[in-house]
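Hello,

Here is the structure I said I would hand over. Please open it first; my notes follow.

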Amino acid sequence: VKKCSLSGSWVNDLGSNMTIGAVNGDGNFEGSYHTAVSASPNEIKVSPLQGSMQRGTNQKGQPTFGFTVNWSFSDSITVFTGQCFVDNDGKEVLKTMWLLRSRVESINNDWKATRAGRNTFIRTG
Ligand SMILES: O=C(CCCC[C@@H]1SC[C@@H]2NC(=O)N[C@@H]21)Nc1ccc([N+](=O)[O-])cc1
């Protein structure tokens with residue numbers, strides 16, 4: 001069975017770095033995220049992430065997951081969701097989509113407060 005583990009260090013197509021710790025028995029994990037890009041005027045800082053991985057009853061391998069990055073330097077938050085694959089060269093890759101919600105002053109600006117996109121992560125080191 002193709003096995004793909006989330007624990008360890010990853011880099012995405014934007015050059016952002018992520019480290020994920022051990023996945024516990026409930027499929028939950030924690031880690032840290034250092035984004036290479038930001039739309040905030042503030043200095044970028046390492047930010048915590050928390051997430052969950054679907055274990056699948058019979059360890060199907062290539063699990064789905066989701067995690068939230070609570071940006072420490074800006075009034076915004078990103079949720080990522082995706083799947084951990086083993087590609088045709090045997091390399092682990094995380095294919096994700098994300099929603100980035102920024103705080104806006106007024107409900108009248110709510111329409112423009114959520115950005116969406118995709119990121120692919122590969123292992124570093
Ligand atoms: O910019 C930010 C916080 C940093 C977001 C980084 C995003 S997360 C999805 C994508 N994948 C990455 O690795 N990095 C990017 N917050 C923010 C955004 C917009 C506004 N705004 O005022 O529009 C304010 C703060």
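**The ligand and its surroundings**

A nitrogen atom of the ligand lies 3.3 Å from an N or O atom in the side chain of Ser74. That falls under the polar contact cut-off: a pair of N or O atoms within 3.5 Å. Within protein, one atom must be able to donate a hydrogen and the other to accept it, and residues adjacent in sequence count only if both atoms are side-chain atoms.

Before going on, note that this is a predicted model, where local features need pLDDT of at least 70, side-chain atom pairs count only at pLDDT 80 or more, and totals for chains, interfaces and linings use all residues. Residues are numbered from 1 along each chain as its sequence is written, and side-chain values use heavy atoms, with hydrogens and water left out.

Back to the ligand. The side chain of Thr35 places an N or O atom 3.0 Å from a nitrogen atom of the ligand. The side chain of Arg115 has an N or O atom 2.8 Å from an oxygen atom of the ligand. On its own, the ligand has 570 Å² of accessible area, and the protein covers 85% of this. Those areas come from the Shrake-Rupley method with a 1.4 Å probe; for residues, only the protein chains shown count as cover.

Where does the ligand sit? It occupies the largest pocket. A pocket here is an open set of points on a 1 Å grid over the protein atoms alone, where a 1.4 Å probe fits, with protein on both sides within 12 Å along at least five of seven lines. To sit in a pocket, a molecule needs more than half of its atoms within 2 Å of the grid points.

The shell around the ligand holds 19 residues, counted when one of their heavy atoms lies within 4 Å of the ligand. The closest are Ser16, Tyr33, Ala39, Ser76 and Asn119. By class, the shell has 10 polar, 8 nonpolar and 1 charged residues. Ala, Val, Leu, Ile, Met, Phe, Trp, Tyr, Cys and Pro count as nonpolar; Asp, Glu, Lys and Arg count as charged; the others, Gly among them, count as polar.

Which strand gives the most to the shell? E7 does, with 3 residues. Strands E6 (76-86), E7 (92-102) and E8 (114-123) each supply at least two. Strands (E, at least two residues) are DSSP runs, numbered from the N terminus.

**Residues worth opening**

*Ser74.* This ligand contact lies in the loop between E5 and E6. Ser74 is buried, at 17% relative accessible area. Buried means under 20%, exposed over 50%, and partly exposed in between (1.4 Å probe, protein chains only). Ser74 and Glu30 are 44 residues apart along the chain, and their C-alpha atoms are separated by 20 Å.

*Asn119.* One of the closest residues to the ligand, Asn119 belongs to strand E8. Its relative accessibility is 4%, so Asn119 counts as buried. The side chains of Asn119 and Trp98 make a polar contact of 3.2 Å.

*Ala116.* Strand E8 also holds Ala116. Is Ala116 buried or exposed? It counts as exposed, at 59% relative accessibility. From Ala116 to Phe73 is 43 residues in sequence and 20 Å in space, C-alpha to C-alpha.

*Glu92.* Look for Glu92 in strand E7. With 19% relative accessibility, Glu92 counts as buried. The side chain of Glu92 has a polar atom 3.0 Å from the backbone nitrogen of Ser5. The side chain of Glu92 is also joined to that of Arg123, by a polar contact of 2.3 Å.

*Thr96.* Strand E7 also contains Thr96. Thr96 is buried, with a relative accessible area of 2%. The C-alpha atoms of Thr96 and Phe67 are separated by 10 Å, with the two residues 29 apart along the chain.

**Two loop positions**

*Gln62.* Gln62 is not a glycine, yet has a positive phi of about 50°. It is placed in the loop between strand E4 (47-53) and strand E5 (64-70). Gln62 is partly exposed, at 21% relative accessible area.

*Ala22.* The loop between strand E2 (17-20) and strand E3 (28-34) holds Ala22. Ala22 is exposed, with a relative accessible area of 66%. Gly8 is 14 residues from Ala22 along the chain, with 8.2 Å between their C-alpha atoms.

Best wishes

How values were computed. 1 Å grid on protein atoms, 1.4 Å probe; cavity = no way out; pocket = protein on both sides within 12 Å on 5 of 7 lines; lining within 4 Å. Helix = DSSP H or I, 4+ residues; strand = E, 2+ residues; numbered from the N terminus.
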